[in-house]
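Visitor: Please take a close look at the binding site in this model, and then follow the chain outward from there. I should like one connected account, with the cut-offs stated.

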Amino acid sequence: MCRYLISRILSVTGITREKMRPIVITGFMGCGKSKIARALARRLDIPVIDLDDVITARQGRTPAQLITEEGEPAFREIESNTLRETLKIPAGVIALGGGAWIEKTNRDLIDQRGCLSIWLDVPFALCWSRIEASEEDRPLGRTRKQAQALYERRKPIYQLADIHVQRMANENLEDFISRISLAADERR
Ligand code: S3P
């Protein structure tokens, strides 16, 4: 039903999927970027791309392995090159890795492509509880102290995103996605 409504709104306003600006989702590790990107793309009926998954498929190693084995600067270069390629998609929702938006080169690429950027503003304590509970290795956030320092350092840069969203207490996923897609529609 919601998907139908969105399609109707898009057709009435003359916005076609092809004309949609790609959407990038940013935020700290554990803020839920991949999950929200998938749900938003489903709602808007456009493709979803997870930048870390593209890197893993192309490099045969995960971002965590690349950071550990090659160092962060080498990983950032791979990440930027992959983002440059990924941004060629006509429309879609791209979930960035938590550090991708922090690099000015990447923000410039995103800007030049005319993307709409969305920051998932999630309190550190919640991000940390998810990082701790997850099996995924996050070499840049292995201890609470290290992760918190990174969070504080990055926060002002995440704030440069076009749209900031916070999930309200008890807000279900569907309502949260409705709010994000409405905010995104207003900025198209
Ligand atoms: C990173 C976050 C990770 C991954 C890599 C580096 C970061 O992605 O890209 O380990 O610098 O914050 P998630 O944000 O999906 O954990």
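Guide: A backbone N or O atom of Gly99 lies 3.3 Å from an oxygen atom of the ligand, a polar contact in the sense of a pair of N or O atoms within 3.5 Å. This is a predicted model, in which local features need pLDDT of at least 70 and side-chain atom pairs count only at pLDDT 80 or more, while totals for chains, interfaces and linings use all residues. Residues are numbered from 1 along each chain as its sequence is written, and side-chain values use heavy atoms, leaving out hydrogens and water.

Two side chains also approach oxygen atoms of the ligand. A polar side-chain atom of Asp52 is 2.9 Å from one such atom, and for a polar side-chain atom of Arg138 the distance to a ligand oxygen is likewise 2.9 Å. On its own the ligand has 380 Å² of accessible area, of which the protein covers 94%; areas are computed by the Shrake-Rupley method with a 1.4 Å probe. In total, 13 residues surround the ligand, the closest being Lys33, Asp52, Arg76, Gly98 and Arg154; a residue is counted if one of its heavy atoms lies within 4 Å.

Lys33 leads to helix H2, which spans residues 33-44. Helices (H or I, at least four residues) and strands (E, at least two) are DSSP runs, numbered from the N terminus. The 12 residues of H2 reach 16 Å from first to last C-alpha, close to the 16 Å expected, a span of 1.5 Å times one less than the number of residues. Buried residues of H2 include Lys33, Ile36, Leu40 and Leu44; buried means under 20% relative accessible area, exposed over 50%, and partly exposed in between (1.4 Å probe, protein chains only).

Just after H2, Asp45 takes a positive phi of about 60°, in the loop between H2 and S2. Asp45 counts as partly exposed because its relative accessibility is 38%. Its C-alpha atom is 8.7 Å from that of Gly92, 47 residues away along the chain.

The loop leads into an open sheet of 5 strands, ordered S2-S3-S1-S4-S5 with parallel pairing; strands pair if DSSP finds at least two bridges between them. Strands S2 (48-50) and S5 (163-165) stand at the edges with a single partner strand each, so one side of each has no neighbour in the sheet. Neighbouring strands are turned by 20° against each other on average, direction ignored; the axes are lines fitted to C-alpha atoms, and angles run from 0 to 180 degrees between N-to-C directions. S2 is joined by 3 bridges to the parallel strand S3 (residues 93-95), where Ile94 is the bridge partner of Ile49.

Methods
Polar contact = N/O pair within 3.5 Å; in protein donor to acceptor, adjacent residues only side chain to side chain.
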